Amino acid sequence: MVTHWLPMVAAMAAALLAAVVLWPLRQQGRRSFVLGVVALGVAGACLYLLVGNPRAAQVQPVPSVATLRDGVEALQQALQRDPQRADGWALLGRSQAELGNAAAAADAFNRAAALAPDEPGVLVEAAQARAQADPGKQFDDTALAWLQRARTLSPDAERASWLLGIALRQRGRNAEAADLWSTLLPRLEPGAAQALQAQIAIAREAAGPPSDSPAAAPLLQVRVHLPASLKASDWPASTQVFVLARAVGGPPMPVAARKLPLAGFPATVGLGDGDSPMPTAPLSAHREVEVLARISRSGSANRSEDDLQTTPVKVSLPHDGVVELQFP
């Protein structure tokens, strides 16, 4: 588990003692006082967490605004020795965010999320840190996937639902965002619920009237050209052609896939949300994908050594025109 009560107690104790020691700094301004308290608390807790020595959590008698940076450096050194500590990376991410280092915070939370993929709290923090580091403050596909998984692990996680709604609105999926935020209303205080209702109304207005069309149009049109030397008769009857779209820089599992017999090619294939293996992460949730095709002798979705595959083509969604794929 990422959350350990002992380091948290150490952090709170260190911060409390730091407040007493640093009280004279309040006359120099609130920022100096607060940073000093946080710095000593974080530094002591970090060292206790990763070194395991209770004496490391004791407040040192030389306070300064730079102490938080010193604590971050000590934490980074400790993580070099023990890099498998998800709680340490999460703590580093929070500390870097406190210092205003958005990119460093996102990097630290990336490590934490990779080590603790089943911790909804870490996934939510990691998604938010990733958006903060983005120049446009956008939740990318990875952040979106983290928020969706956090809600799967903890359906009542209010922060995950709120941020996921923002990510959906950024993608123009306003109706979904409104529906998601509506689930939060019964759990909020009247004032907060009223503020959220205003945001829901804005999202529903942006979504417009619901579409009566029976099926959504494909988001991608893909033209697959077979090798000139390929003869269908040379391949077994089980041979299938997979047309795939997968997240750029993401896992190999496709976000949309179609399987057709070899005899039907060359052909143009449409990919849409109906071809997404995970309804919670449809093709339309992605702003950019890699498109490729693979000929499988066995007809299996798992790639084999003797399969043929095209070079992936990166495209932005929605995509106009036809993506051309050519086998070598």
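Among contacts in the protein chain between residues at least 6 apart in sequence, what percentage join residues at least 24 apart? In this predicted model, the share is 58%. The protein chain is built from ten helices and eight strands, and of its 328 residues, 41% count as buried.

**Helix α9 and its neighbours**

Helix α9 spans residues 174–182, and within this stretch Asn174, Ala177, Ala178, Leu180 and Trp181 are buried. These residues lie on the same side of α9, because they cover an arc of only 165 degrees around the axis. As a general point, an α-helix has 3.6 residues a turn, so residues three or four places apart point the same way. The buried residues of α9 pack against three helices, which are listed here with their residue ranges.

| Helix packed against by the buried residues of α9 | Residues |
|---|---|
| α7 | 141–153 |
| α8 | 158–170 |
| α10 | 190–207 |

**The pairing of α6 with α8**

Helix α8, one of the partners of α9, also packs with helix α6 (residues 120–133), at an angle of about 30 degrees and with the two axes 10 Å apart. Because angles under 35 degrees count as roughly parallel, α6 is roughly parallel to α8. The crossing in which α6 passes α8 is left-handed. On the α6 side the contact is made by Val124, Glu125 and Gln128, whereas α8 contributes Arg159, Ala160 and Leu163. Taken by character, the residues of this contact between α6 and α8 comprise three nonpolar, one polar and two charged.

Conventions: Residues numbered from 1 in each chain as written. Predicted model: local features only at pLDDT ≥ 70, side-chain atom pairs only at ≥ 80, totals over all residues. Heavy atoms only, no water. Buried < 20%, exposed > 50% of the residue type's maximum accessible area, 1.4 Å probe, protein only. Helix = DSSP H or I, 4+ residues; strand = E, 2+ residues; numbered from the N terminus. Arc of directions from axis to C-beta. Contact = heavy atoms within 4.5 Å. Axes fitted to C-alpha atoms, helices over the stretch in contact; angles between N-to-C directions. Parallel < 35°, antiparallel > 145°, perpendicular 65-115°, else oblique. Left-handed = near helix turned anticlockwise from the far one by under 90°. Nonpolar A, V, L, I, M, F, W, Y, C, P; charged D, E, K, R; others polar.
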